[in-house]
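Good morning, colleagues. Please take a moment to look at the sequence and the model on the screen before I begin.

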Amino acid sequence: MVTGGIANKHKTKATSVVKPKSKAAAAQAKVDDEGSDIDMGSDSDDDSQLGGGDDIQLDDDDDDDEEMAEPMLAGENAGGSSESTKTEGKKGQAGSKPTNAEMMALNETSLLMKSNLFKLQVDELLSETMVAGNSKATRGLDAALKQIRDVLTSLSDVGEMSTDAASNYVRKQSKAGGRLAMIPFPDPAPAVGMPIAFAFKAPKVVNVVGSYGLGTATRGHGGFNVDVVVQMPAELFQERDYLNFRYFYKRAFYVAVLLIGLQQSALGEVFDVEFGRLRGDARLPIVVLRAKAGVKHLGKGSWVIRILPSIAHDTLPLKRLSPERNYVRPSYISGVETAEGDEALLPATPQYSAAILSDALLVTHMKYLFETAEMCAEFPRAAALLRVWVGQRTAAGRQVGAHVLAGSQRLNGFVLTMVLAWLLRSAQSGGSGPKLSGTMNAYQLFKGAVEFLALHDFEEQPIQFGSGANMEAFSDSFGAVFVDPTDSLNLLAGVQEWELAELRMAARVTALDINHHAEDRFARVFLSAGAGDVTGKYDHVFRLEVDLSRFLSAKHGAELKPARRLAELEFGHPV
């Protein structure tokens with residue numbers, strides 16, 4: 001794999017400095033002098049210019065006369081007195097080099113112009129890409145979200161039933177609405193006669209979460225997602241439903257009832273309502289709503305509403321879902337009973353546990369991010385910049401010819417937003433992380449996060465928000481480790497090694513662009529739409545055709561070696 005930075009196509013040129021006749025001409029001369037070959041210094045100077053997020057004024061106020069004045073160069077004081085020439089020494093001699101003070105004045109002037117221009121470019125980018133909720137542009141979307149909440153909270157309850165009865169119920173109800181649907185059970189589907197009770201109760205908690213709820217959503221080429229969390233009532237679950245896919249089976253039935261209810265409501269007339277998968281995980285089906293073509297009252301813009309089922313953090317005993325324990329018994333896969341007392345010897349299922357924990361802690365994580373936004377006013381804007389940046393550089397999910405490049409889809413804007421929160425909160429709690437201040441502006445926070453990602457190895461240096469996580473257990477169970485504020489979930493669970501390597505490489509290139517290419521760094525950092533183009537990044541891209549029927553078929557699944565079958569179920573997809 002060979003990669004390289006973007007070549008700078010702008011050649012530097014020497015520029016002579018001539019004193020303008022007026023302040024307006026002086027300002028214009030500074031702009032024209034952008035191509036000067038004078039050393040502009042490191043980017044750390046820009047932070048002082050941008051500190052606190054205040055705009056740097058470039059007006060003609062009298063207070064700026066001294067700062068905006070051009071330095072006196074050879075021949076400029078020809079009409080002055082000889083006494084003045086003597087006091088200035090070499091400064092007035094024809095052909096003499098500029099003094100250190102003059103060089104500093106030139107540098108400060110050019111840095112001032114470039115810093116202010118870059119800040120204006122960043123502000124314009126955010127104004128164009130960030131999505132503001134409860135605005136005129138999102139009036140139709142916000143109205144649809146309220147209608148969705150009303151429909152979901154008014155759905156009728158469904159009494160307890162067996163696996164077969166639940167499948168028949170969904171089939172009949174969906175067929176009555178003219179759209180046949182089936183329960184999106186993960187593999188392996190529940191066996192006939194499995195002692196499990198399926199039921200449905202309307203949710204009492206329906207909230208907008210994710211980037212749209214936090215105020216960090218950005219428009220991309222494919223629009224943006226609007227996530228709505230639906231909390232499944234605790235009485236639908238039993239304490240040990242975390243074992244052997246029982247939680248995921250009940251979740252799948254709940255999602256199917258939500259889909260039928262939305263399809264058969266008035267929303268079905270304006271939305272295509274379909275099943276989807278959260279992060280591509282077959283264990284985590286969701287409901288996806290896309291506006292139908294020709295529907296105008298929803299407003300302009302491309303967006304997708306995702307209904308995400310969740311549970312309250314106390315519905316299941318989360319402390320038991322530790323990464324070193326097993327929750328998919330081999331006896332459930334092979335049908336062979338496990339001897340008593342052998343549980344500690346069973347292979348761990350950390351990915352399986354993480355999938356349940358991600359549902360249970362969804363609202364908890366949102367509250368944590370809201371608290372962080374209250375502590376740092378520029379946090380949402382910095383998170384939006386990270387979303388724009390990573391969206392241009394990740395290869396997972398991108399089209400390569402007629403195919404889509406596989407990946408975990410877990411290294412996303414949410415994870416980077418949590419990284420930014422960790423950098424801020426670790427500093428305030430006296431942690432060992434890089435010190436990012438809540439008084440920094442959005443660009444300074446973005447720069448600090450990128451530089452951290454460029455240098456940090458989550459495998460060699462696992463990190464956590466608090467201090468109570470069993471880091472040894474996490475490191476033994478996962479490759480890369482980033483433990484959430486509850487000390488329960490590895491936020492990098494399921495992220496593949498090549499995805500982290502790709503992110504680190506992109507962050508290193510961006511850090512170099514920020515610190516060493518002041519003249520065109522905005523274009524390099526935020527206008528690199530092709531940075532994630534796989535065919536442009538790598539010399540060779542290979543595709544292997546593999547027959548997955550043996551992995552996907554329940555009939556042949558038992559023929560696989562137990563360890564391979566367990567790994568398949570552990571990740572929620574063939575491995």
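Where is Arg393 found? Arg393 sits in the loop between helix H13, residues 379-391, and strand E8, residues 399-400. I should say at once that this is a predicted model. I shall return to Arg393 after a brief overview.

The protein chain has 22 helices and 11 strands. Of its 575 residues, 46% are buried. The protein chain exposes about 28800 Å², and carbon and sulfur atoms supply 52% of that area. Turning to contacts with a separation of 6 or more, 72% of them in the protein chain are accounted for by residues 24 or more positions apart.

Let us now return to Arg393. Which side chain of opposite charge is nearest to Arg393? That side chain belongs to Asp513, 5.7 Å away. Arg393 is buried yet has no salt bridge, because a salt bridge requires the two charged groups to be within 4 Å. The side chain of Arg393 does, however, reach backbone oxygens. One of these is the backbone oxygen of Trp389, at 3.2 Å. Another is the backbone oxygen of Arg524, which lies 3.2 Å from a polar atom of the Arg393 side chain.

My next subject is helix H15, which covers residues 442-455. How far apart are the end C-alpha atoms of H15? They are 20 Å apart. At 1.5 Å a residue, the 14 residues of H15 should span 20 Å, so the model agrees with the expected value. At the start of this helix, a side-chain oxygen of Asn441 comes to within 3.2 Å of the backbone nitrogen of Tyr443.

H15 is also mostly covered, with 12 of its 14 residues buried. Among them are Tyr443, Leu445, Phe446, Val450, Phe452 and Leu453. Lys447 is likewise buried.

Leu453 brings us to another helix. Leu503 lies in helix H17, residues 497-516. Is Leu503 buried or exposed? Leu503 has a relative accessible area of 8%, and is therefore buried. Leu503 and Leu453 are 50 residues apart along the chain, and their C-alpha atoms are separated by 7.6 Å. Leaving aside residues up to four places away in sequence, Leu503 touches Trp389, Val390, Leu411, Leu416 and Leu453.

I would close by pointing to Trp389, a residue that has appeared twice in this talk. Its backbone oxygen is reached by the side chain of Arg393, and Trp389 is also touched by Leu503. Thank you for your attention.

Definitions and conventions. Residues are numbered from 1 along each chain as its sequence is written. This is a predicted model: local features need pLDDT of at least 70, side-chain atom pairs count only at pLDDT 80 or more; totals for chains, interfaces and linings use all residues. Side-chain values use heavy atoms; hydrogens and water are left out. Helices (H or I, at least four residues) and strands (E, at least two) are DSSP runs, numbered from the N terminus. The expected span of a helix is 1.5 Å times one less than its number of residues. Buried means under 20% relative accessible area, exposed over 50%, partly exposed in between (1.4 Å probe, protein chains only). A polar contact is a pair of N or O atoms within 3.5 Å; within protein, one must be able to donate a hydrogen and the other to accept it, and residues adjacent in sequence count only if both atoms are side-chain atoms. Lys and Arg count as positive and Asp and Glu as negative; His and the chain ends are not counted. Contact means heavy atoms within 4.5 Å. Accessible areas come from the Shrake-Rupley method with a 1.4 Å probe; for residues, only the protein chains shown count as cover.
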